[in-house]
Amino acid sequence: METERFEGKMALLAKKHGLRLEWQPVRFGHRRARFTCDSYEEVTAVQSLLRRIGGAWADSWVCFEGEFEGYVYAMARKDHDDLERQRKAESDRLEDWWLRYHLADVETRRLMACGEIE
């Protein structure tokens, strides 16, 4: 329910301020709002608008190399926290796998590489 409310807020914000909004899929079934910006001033203005919305997480990416390109990304805070928790769990699992792989003998490595051992 909270995700739908957040998406509605983002659509209303984009319509009210004439912003270009796209929905971008991210890992683990989550989505984030992506606002395309034409200047650094627009990036800071969009971030300022998002700070006023309770329960929102926002981040930006800008490139000044040649032509300006900038985006502001937003997610519901609860969804972002869940996404980060899932990313951390996956990263820890992969780190553990690589550590065990590099310490294993040749036969165990072969079995791990083909998926017989996790």
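This text walks through a predicted model, taking charged pairs, one loop, one strand residue and one helix residue in turn.

The loop between β1 (20–25) and β2 (31–37) is a place to begin, and phenylalanine 28 is found there. Most residues other than glycine have a negative phi. The phi of phenylalanine 28 is near 60 degrees, a positive value in a residue other than glycine. Is the residue buried or exposed? Phenylalanine 28 is partly exposed, because its relative accessible area of 38% falls between the limits of 20% for buried and 50% for exposed.

Arginine 27 belongs to the loop between β1 and β2 as well. Side chains of opposite charge can pair when their charged atoms come close. Arginine 27 forms a salt bridge with glutamate 90, and the closest N and O atoms of the two are 2.7 Å apart. This pair links distant parts of the chain, since glutamate 90 sits in helix α3 (residues 77–103), 63 residues away from arginine 27. The two partners fall into separate accessibility classes: arginine 27, with a relative accessible area of 44%, is partly exposed, whereas glutamate 90 has 19% and is buried. The value for glutamate 90 is therefore under the 20% limit that defines a buried residue.

The count of salt bridges in the model comes to 9. Helix α3 holds both partners of the pair formed by arginine 87 and glutamate 84, which lie 3 residues apart, about one turn of the helix. Their closest N and O atoms are 2.9 Å apart, and the two form a salt bridge. Arginine 87 is partly exposed at 33% relative accessibility, and glutamate 84 also counts as partly exposed, at 33%.

Another pair in helix α3 is arginine 100 with aspartate 96. How far apart are these two in the helix? They are separated by about one helical turn, because they are 4 residues apart in helix α3. Their side chains meet in a salt bridge with an N to O distance of 3.1 Å. Arginine 100 has 33% relative accessibility and counts as partly exposed; aspartate 96, at 39%, counts as partly exposed too.

Arginine 32, found in strand β2, gives a contrasting case. This residue is buried yet has no salt bridge. What is the nearest side chain of opposite charge to arginine 32, and how far away is it? That side chain is aspartate 59, 6.6 Å away. A salt bridge requires a nitrogen-to-oxygen distance within 4 Å, so the separation of 6.6 Å leaves arginine 32 without one. The side chain of arginine 32 does make a polar contact, at 2.7 Å, with the side chain of glutamine 24. Not counting residues up to four places away in sequence, arginine 32 touches Glu22, Trp23, Gln24, Val26, Tyr73, Ala74 and Met75. Glutamine 24 is thus present both in the polar contact and among the residues touched.

The last stop is leucine 111, whose place is in helix α4 (residues 106–113). With a relative accessible area of 23%, leucine 111 is partly exposed. Leaving aside residues up to four places away in sequence, leucine 111 touches Glu116 and Ile117. Its C-alpha atom is separated by 42 Å from that of threonine 3, which is 108 residues away along the chain.

How values were computed:
Residues numbered from 1 in each chain as written. Predicted model: local features only at pLDDT ≥ 70, side-chain atom pairs only at ≥ 80, totals over all residues. Heavy atoms only, no water. Buried < 20%, exposed > 50% of the residue type's maximum accessible area, 1.4 Å probe, protein only. Contact = heavy atoms within 4.5 Å. Lys, Arg positive; Asp, Glu negative; His and termini not counted. Polar contact = N/O pair within 3.5 Å; in protein donor to acceptor, adjacent residues only side chain to side chain.
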